[in-house]
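User: Please take a close look at a single part of the structure shown here. I should like one connected account of how that part is packed.

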Amino acid sequence: MANTYTQINIHAIFSVKGRENIITQNFRNRLHEYIAGIINNTKNYSLAVNGYKDHIHIFFELNPVNSLSGVIREVKANSSKWINENKFVLGHFNWQGGYGAFSYSRSQRDHVIKYIMEQEKHHAKKPFREEYMELLRKFEIPFEDHYIFEFYD
C-alpha cells in the first residue's frame, strides 16, 4: 500500500470464558509474551499486553491491511491453543466469544500503556466488571450488562 500512512492504536480487552480466575501467576507473564508475539507476527505492533486472573488487555498499532476482528481472532485462537497444549489449566481453556476495543491517539499512548501494565495493582481495588463497564461508558458504547457478563457465550 504505497503512500498509505496510519497510526491506529487499539486497546482491546477480553476475558476467560465463564469469567473464571484461571490465568495464574505460574504462566501469566509467558502468556502475555506469547500474545505480544502473535500480535507482532500478524504484522501489527504490540505496545502492551497484561491482564489479571480472568482477563487480558492488549494495546497495539493495527496494521491497516488487517481487520481488528481478525487480529483478535488470531490472538484468542492461538493463545488458547498454547494454553491447552501446555496444560496450564485443568480441563479445556477458552476465551469468551466477544471483546471490547477502544481507539486512542498517539498522545494517549503512554497513559494507556501505564494503565495496562499496572493491572494487578489496579485490580486490588477494582473488579474487572467495574473496570470494563467504566470503559464502555467512557467511550459511550451502548451495552446491556446481562450480555456482557453472561457465563455462557
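Analyst: Helices (H or I, at least four residues) and strands (E, at least two) are DSSP runs numbered from the N terminus. The model is predicted, so local features require pLDDT of at least 70 and side-chain atom pairs pLDDT 80 or more, while totals for chains, interfaces and linings use all residues. Residues are numbered from 1 along each chain as its sequence is written, and side-chain values use heavy atoms, without hydrogens or water.

The part chosen is the face where a helix meets the sheet. Helix α1, residues 28-41, lies across β2 and β3; its direction makes an angle of about 155 degrees with β2 (axes are lines fitted to C-alpha atoms, for helices over the stretch in contact, and angles run from 0 to 180 degrees between N-to-C directions). The sheet beneath is open and has four strands in the order β2-β3-β1-β4, with antiparallel pairing (a pair needs at least two DSSP bridges). Its edges are β2 (45-51) and β4 (100-104), each of which pairs on one side only. From one strand to the next, the twist averages 15 degrees.

Between β2 and β3 (residues 55-61), which run antiparallel, there are six bridges. S46 belongs to β2, and its bridge partner in β3 is F60. With a relative accessible area of 15%, S46 is buried (under 20%; exposed is over 50%, partly exposed in between, with a 1.4 Å probe and protein chains only). Leaving aside residues up to four places away in sequence, S46 touches A36, I39, N40, F59 and F60 (contact means heavy atoms within 4.5 Å).

I58 touches I35 and I39, and its other contacts include A48, V49 and I72. I58 is also among the residues with the most contacts inside the largest nonpolar core, which has 25 residues; F27, L31, I35, I56, I83 and W95 are the others (such a core joins buried Ala, Val, Leu, Ile, Met, Phe, Trp, Tyr and Cys through side-chain atoms within 4.5 Å). The elements giving two or more residues to this core are β1 (9-15), α1, β3 and α2 (68-85). Apart from it lies another core of twelve residues, including L47, A48, V112 and L135.

Finally, α1 packs on α2 at an angle of about 140 degrees, and their axes are 10 Å apart. On α1, the contact is made by R30, L31, Y34, I35, I38 and I39; on α2, by E74, V75, N78, S79, W82 and I83. Thus I39 touches S46 and I58, and also takes part in the contact with α2.
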